[in-house]
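Here is a protein to explore with the structure open beside you. Take a look around before reading on.

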Amino acid sequence: MMKAILPPAMLGILGGGQLGRMFVTAAKRMGYRVTVLDPDAQAPAAEFADVHLCAAYNDADALHTLAASCAAITTEFENVNADAMRSLAKTTRVSPSGDCVAIAQDRIAEKAWVNKAGLPTAPYLVIESVEDIQVELAAYLPGILKTARLGYDGKGQVRVNSADEARAAYANLGGQACVLEKMLDLKLEVSAIVTRVSPEQVSVFPVAENIHKNGILDESIVPARIAPALAAQAQQMACQLAEALNYVGVLAVEFFVLGDDSLVINEIAPRPHNSGHYTIDACVTDQYQQQVRAMCGLLPGRTELLSPVVMVNLLGDVWQPNGGEPNWDVLMEAPNAHLHLYGKKQARTGRKMGHYTVLASEVDAALEQARALKETL
């Protein structure tokens with residue numbers, strides 16, 4: 001068992017975006033101090049942090065300062081330097097491990113680990129050279145060609161219907177490592193977020209049903225509108241994968257629900273997740289408190305859902321062309337709605353600027369109200 005790290009210890013986080021901001025606020029409420037490493041002078045998390053190291057993620061001096069001053073270190077995104085995390089772990093507690101982050105950074109490694117854990121993925125072909133895509137592709141078509149690294153929110157993904165389209169798309173992506181993943185008959189998409197401190201200390205949040213637009217999460221509906229047995233299976237699969245990875249921290253697992261109500265794992269995120277924002281307002285413990293608890297060696301908090309809830313992402317698209325704020329009037333007057341803005345200085349199309357949640361006694365009522373509020377912005 002890890003020795004517990006207690007307040008007012010200093011905690012460190014690599015990354016100062018909105019997930020880092022919500023981590024900082026959770027840690028501060030719990031009595032910890034926080035150092036943020038982020039090269040952006042206006043990083044949203046820096047506004048609330050005790051210390052902001054404004055430097056590159058692989059800056060040797062900044063990493064040394066982080067390791068020397070923090071009792072434990074985590075990350076808010078998977079594209080941080082995994083080697084830097086491994087180096088930090090030589091002198092400081094780091095969760096999740098650099099090895100787990102490296103797996104999540106690479107779709108090829110990620111899918112291999114999911115299958116190694118005895119869990120299903122969509123049929124896929126690893127493409128690391130031109131020769132790899134010259135084979136018979138019918139088993140993977142129609143499909144989606146995805147870059148192995150640095151793809152998120154629909155970026156680095158191309159839908160292809162034929163072998164010629166797949167080969168042309170691979171060439172357009174610059175010949176980098178990819179996977180060609182067969183498109184499946186999807187009923188919907190769901191996610192489960194698990195917190196693991198040790199084999200005996202594991203908890204998982206209620207399953208969220210996720211609706212995407214243009215590759216970006218638009219709405220999360222909780223509880224997911226699926227059979228309870230299927231939700232329990234998704235939770236069990238998330239825990240099974242965390243165990244296989246010997247994971248310590250918060251792990252988000254995204255699933256496809258197929259037409260026959262079977263589940264396949266789409267991808268993972270080694271951190272709190274956009275689809276878990278609802279936990280801040282609707283659960284006994286939220287996913288950012290769980291992140292703090294896991295890195296500090298504390299028992300995960302309880303995860304019961306206090307109320308049906310719908311979370312809606314707010315992208316820069318709803319800001320005015322001149323940068324003016326949306327019309328918050330109706331949303332702010334709704335007594336069962338909660339607005340969360342991320343403190344970003346500039347709104348851009350597709351940029352996540354905030355979210356809001358709507359809590360109601362029935363999930364359908366929450367969804368209807370959440371969509372009606374969006375129309376007023």
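Where is D261 found? D261 sits in the loop between β14 and β15 (263-269). Keep in mind as you go that this is a predicted model.

## Odd backbone angles

Start with D261 itself. This residue has a positive phi of about 70°, although it is not a glycine. As for its surroundings, D261 is partly exposed, with a relative accessible area of 37%.

N214 pulls a similar trick: its phi is positive too, at about 55°, and it is not a glycine either. You'll find N214 in the loop between β12 (208-213) and β13. N214 is exposed, and its relative accessible area is 79%. Exposed here means over 50%, so N214 clears that mark with its 79%. One more positive phi, about 100°, belongs to G31, which comes just after α1.

## Two cis peptide bonds

Now for some peptide bonds. P7 and P8 are joined by a cis peptide bond, with omega at about 5°. P8 lies in the segment before β1 (10-14).

Another cis bond links S95 and P96, and here omega is about -5°. P96 belongs to the loop between β5 (93-94) and α4 (98-105). Remember P96, as we'll meet this residue again when we get to the empty spaces.

## A look at helix α1

Helix α1 covers residues 18-29, which makes 12 residues. From its first C-alpha to its last, α1 reaches 17 Å, close to the 16 Å expected at 1.5 Å a residue.

How many residues of α1 are buried? The count is 9 of its 12, so the helix is mostly covered. Among the buried ones are L19, M22, F23 and V24. Q18 and R21 are buried as well.

## Two buried residues and their contacts

L251 is part of strand β14. Is L251 buried or exposed? L251 counts as buried, at 0% relative accessibility. Setting aside residues up to four places away in sequence, L251 touches A192, I193, V194, A242, L245, I268, A269, P270 and R271. L11 makes a useful landmark here: L251 and L11 are 240 residues apart in sequence, and 19 Å apart in space from C-alpha to C-alpha.

E78 is in the loop between β4 (72-75) and α3 (82-88). This residue has a relative accessible area of 14%, so it is buried. Leaving out neighbours within four places in sequence, E78 is in contact with V101, A104, Q105, A269, P270 and R271. A269, P270 and R271 are also among the residues that L251 touches.

## Cysteines without a bridge

How many disulfides does the structure hold? The number is 0. Take C70: the closest cysteine sulfur is in C296, 11 Å away, which is too far for a bond. A disulfide needs two cysteine sulfurs within 2.5 Å, so C70 and C296, at 11 Å, don't make one.

C70 counts as buried, with 6% relative accessibility. C178 is buried too, at 0%.

## Empty spaces

How do you find gaps in a protein? Rolling a probe the size of a water molecule over the atoms shows where empty space is left. In this model, the count comes to 1 cavity of 30 Å³ or more.

The largest cavity has a volume of about 50 Å³. Its lining is made up of 13 residues, and T74, P96, G249, V250 and Q291 lie nearest its centre. So here is P96 again, the residue with the cis bond to S95. At least two lining residues come from each of β4, β14 (249-258) and α9 (287-295). The largest share, 3 residues, is supplied by α9. Sorted by class, the lining has 7 nonpolar, 5 polar and 1 charged residues.

There are pockets to look at as well. The second largest pocket has a volume of about 220 Å³. Of the 13 residues lining this pocket, K213, D218, L315, D317 and K374 are the closest to its centre. Both β13 (216-222) and β16 (309-315) supply at least two residues of the lining. This pocket's lining divides into 5 nonpolar, 4 polar and 4 charged residues.

Definitions and conventions. Residues are numbered from 1 along each chain as its sequence is written. This is a predicted model: local features need pLDDT of at least 70, side-chain atom pairs count only at pLDDT 80 or more; totals for chains, interfaces and linings use all residues. Side-chain values use heavy atoms; hydrogens and water are left out. Helices (H or I, at least four residues) and strands (E, at least two) are DSSP runs, numbered from the N terminus. Buried means under 20% relative accessible area, exposed over 50%, partly exposed in between (1.4 Å probe, protein chains only). Contact means heavy atoms within 4.5 Å. On a 1 Å grid over the protein atoms alone, a cavity is a set of points where a 1.4 Å probe fits but cannot get out, and a pocket is an open set with protein on both sides within 12 Å along at least five of seven lines; lining residues have an atom within 4 Å of a point. Grid points are joined across faces, edges and corners, and a volume is the space filled by probe spheres set on the points. Ala, Val, Leu, Ile, Met, Phe, Trp, Tyr, Cys and Pro count as nonpolar, Asp, Glu, Lys and Arg as charged, and the others, Gly among them, as polar. The expected span of a helix is 1.5 Å times one less than its number of residues.
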